[in-house]
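Please write a short report on this structure. Keep the sentences brief and suited to a first-year student.

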Amino acid sequence: MLHLYSGRCLLISNNIKEKYLAFNRLYEKKGWKPFEGKDSLLSLYQYIFDNVYNWVVVVDAQGYIAMVNKPYCEFLGISQEEAIGKHVTEIIENTRMHIVVKTGNREIGDIQKIKGNNMIADRIPIFQEGKIIGAVGTVIFKDMLELDAYVSKIMKMESQIAYYKEELKKVTGGNYTFKSIVGNSGKIQIAKGLAQKVSDSKSNILLLGESGTGKELFAHAIHNASKRGDYPLVKINCGAIPSELLESELFGYEQGAFTGAKKGGKPGKFEMANKSTIFLDEIGDLPLNMQVKILRVIQEREVEKIGGLKPTSIDVRIIAATNRDLSDMVKKKLFREDLYYRLNVVNIQIPPLRERKDDIPLLANYLMKKLAKEMKFHVTSISPKAMDALVRYNWPGNIRELANIIERAINFIDKEATILIDHLPYYIRKEVANNSEEKSEKLGSLKEIIEDVEKKSIVRTLEETDNNKYKAAKLLGISRTSLYEKMKRYDIEV
């Protein structure tokens with residue numbers, strides 16, 4: 001309701017009156033005197049209203065000005081006494097306050113021209129018991145330059161946040177995406193496609209594959225493609241931590257929980273991964289007693305620290321990985337069946353390098369460029385004979401072993417800027433040495449090596465798809481027309 005107070009029309013509810021009277025009593029009891037006069041709280045409200053940075057006007061249900069602060073009046077070139085009681089259209093040009101009290105609709109971020117200045121204003125109706133009794137208008141930005149300055153500050157802050165997020169990802173190894181997974185072979189494309197499809201799901205994922213196939217790279221790519229990607233991926237190798245320390249690493253501990261516990265305690269990996277993803281590498285090496293506790297975390301969505309009195313709720317997605325046969329371990333009672341099914345919601349099989357040999361030239365060149373840049377060596381190519389040896393080798397250590405061999409070779413390069421067969425270890429070189437000179441001559445060029453690999457890849461893909469050319473072309477990432485042309489070129493018949 002509107003009351004006349006000290007010659008001014010002020011909007012004060014009975015509730016506010018009670019509050020400022022109680023406030024005054026507290027001031028008298030404490031002996032405080034922040035404002036002169038008996039109505040200290042009301043004076044405080046008036047002081048704040050007249051000193052806020054934004055310009056504010058309040059109108060009644062008919063559009064007459066009930067309140068307007070001093071800064072606004074100074075800009076308009078009028079006193080508060082002259083403005084109060086006048087219709088808003090008489091005082092503020094291009095105003096819509098009288099329209100807002102009629103429509104009852106908010107107007108946010110509207111451009112209003114006053115005295116040649118384009119201002120940004122908000123207009124909000126005031127309701128009491130469902131009836132409009134007035135409206136509040138606020139000039140948020142006094143001109144477009146002020147808006148531009150504000151936007152520039154926000155953009156600068158967003159840029160800084162994005163930079164620090166990116167740096168954090170680099171530190172944690174979290175800058176890997178699906179583009180980082182190199183390969184065009186059918187099997188890797190199937191694995192990559194499935195991972196992309198489920199990346200934004202909440203379901204747990206089990207990555208299966210031999211050591212060195214890139215399970216961690218897949219985990220990073222899945223996490224970064226999900227809605228949780230703004231938070232860092234939390235990683236733990238279940239096989240690398242002694243069993244007696246694993247519980248404290250996973251769940252944390254409270255201060256004084258055991259001898260040697262840090263002051264203040266320590267959060268566990270699950271707690272650190274709240275709202276994010278935890279990557280449990282080598283899950284097959286997890287002791288049975290810890291399997292029970294992780295199962296409880298999945299079921300209850302909460303963790304309890306060692307020495308803790310109450311559990312903490314968490315929201316964590318699990319990506320687990322192993323190079324072991326978990327289904328066989330379940331049969332042998334070495335891995336809990338209930339945990340296996342909780343983790344194995346989505347199963348992604350990552351193929352070993354020997355099953356995707358047509359990707360080796362692509363991977364070898366990618367690793368050569370990446371490692372040469374990191375090591376600050378000038379290396380531009382891999383010789384045909386060296387590439388032939390790399391393609392023929394079976395790679396028990398998979399991509400990790402290939403990276404190690406490329407790095408080793410780069411260290412031996414002199415002025416030739418090319419990785420030669422002599423730069424490779426003997427056990428890889430002998431794959432070529434065992435072939436006849438005629439065979440070596442035939443495979444002497446990189447083009448011929450790639451064509452041979454391409455032919456084998458097409459034959460293998462056709463076999464996997466029961467000679468379905470449509471499916472084969474899709475897996476190979478080429479059109480059916482291109483597939484027919486290549487089949488004709490290589491004399492492939494089905």
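## A charge over a ring

Lys 115 lies over the face of Phe 75. The distance from the ring centre is 5.5 Å. This comes from a predicted model.

Phe 75 also belongs to an aromatic cluster. Its partners there are Trp 55 and Tyr 72.

## Aromatic pairs

A pair of aromatic rings is described by the distance of the centres and the angle of the planes. How many aromatic pairs does a search of the whole structure find? The search finds six.

One of them joins Phe 251 and Phe 270, and this pair is stacked. The ring centres are 5.8 Å apart, with 15° between the planes. Phe 251 sits in helix α10 (residues 243-251), while Phe 270 sits in helix α11 (residues 269-272), so the pair ties together parts that are 19 residues apart in sequence. Both Phe 251 and Phe 270 are buried. Tyr 393 and Trp 395 make an edge-to-face pair. Here the centres are 4.6 Å apart and the planes meet at 85°. Tyr 393 and Trp 395 are both buried too.

## A buried asparagine

Where is Asn 69 found? Asn 69 is in the loop between β4 (65-68) and α3 (70-76). Its relative accessibility is 0%, so Asn 69 counts as buried. The cut-off for buried is under 20%.

Now leave aside the neighbours within four places in sequence. Asn 69 is then in contact with Phe 49, Asp 50, Val 52, Asn 54, Trp 55, Val 56 and Gln 80. Trp 55 is also a member of the aromatic cluster with Tyr 72 and Phe 75.

## The largest pocket

Rolling a probe the size of a water molecule over the atoms shows where empty space is left. The largest pocket holds about 740 Å³ of space. It is lined by 29 residues. The closest to its centre are Gly 212, Gly 214, Leu 217, Ile 399 and Arg 400.

Four elements, α9 (215-225), β12 (277-281), α15 (360-375) and α17 (398-412), each supply at least two residues of this lining. What classes of residue make up the lining of the largest pocket? There are 13 nonpolar, eight polar and eight charged residues.

## The whole chain

The protein chain has 22 helices and 18 strands. Of its 494 residues, 42% count as buried. Take the contacts in the protein chain with a separation of 6 or more. Residues 24 or more positions apart account for 61% of these contacts.

Methods
Residues numbered from 1 in each chain as written. Predicted model: local features only at pLDDT ≥ 70, side-chain atom pairs only at ≥ 80, totals over all residues. Heavy atoms only, no water. Phe/Tyr/Trp six-rings, centres within 6.5 Å; stacked < 30°, edge-to-face > 60°. Buried < 20%, exposed > 50% of the residue type's maximum accessible area, 1.4 Å probe, protein only. Lys NZ or Arg CZ within 6 Å of the ring centre and 35° of its normal. 1 Å grid on protein atoms, 1.4 Å probe; cavity = no way out; pocket = protein on both sides within 12 Å on 5 of 7 lines; lining within 4 Å. Points joined across faces, edges and corners; volume = space filled by probe spheres on them. Nonpolar A, V, L, I, M, F, W, Y, C, P; charged D, E, K, R; others polar. Contact = heavy atoms within 4.5 Å.
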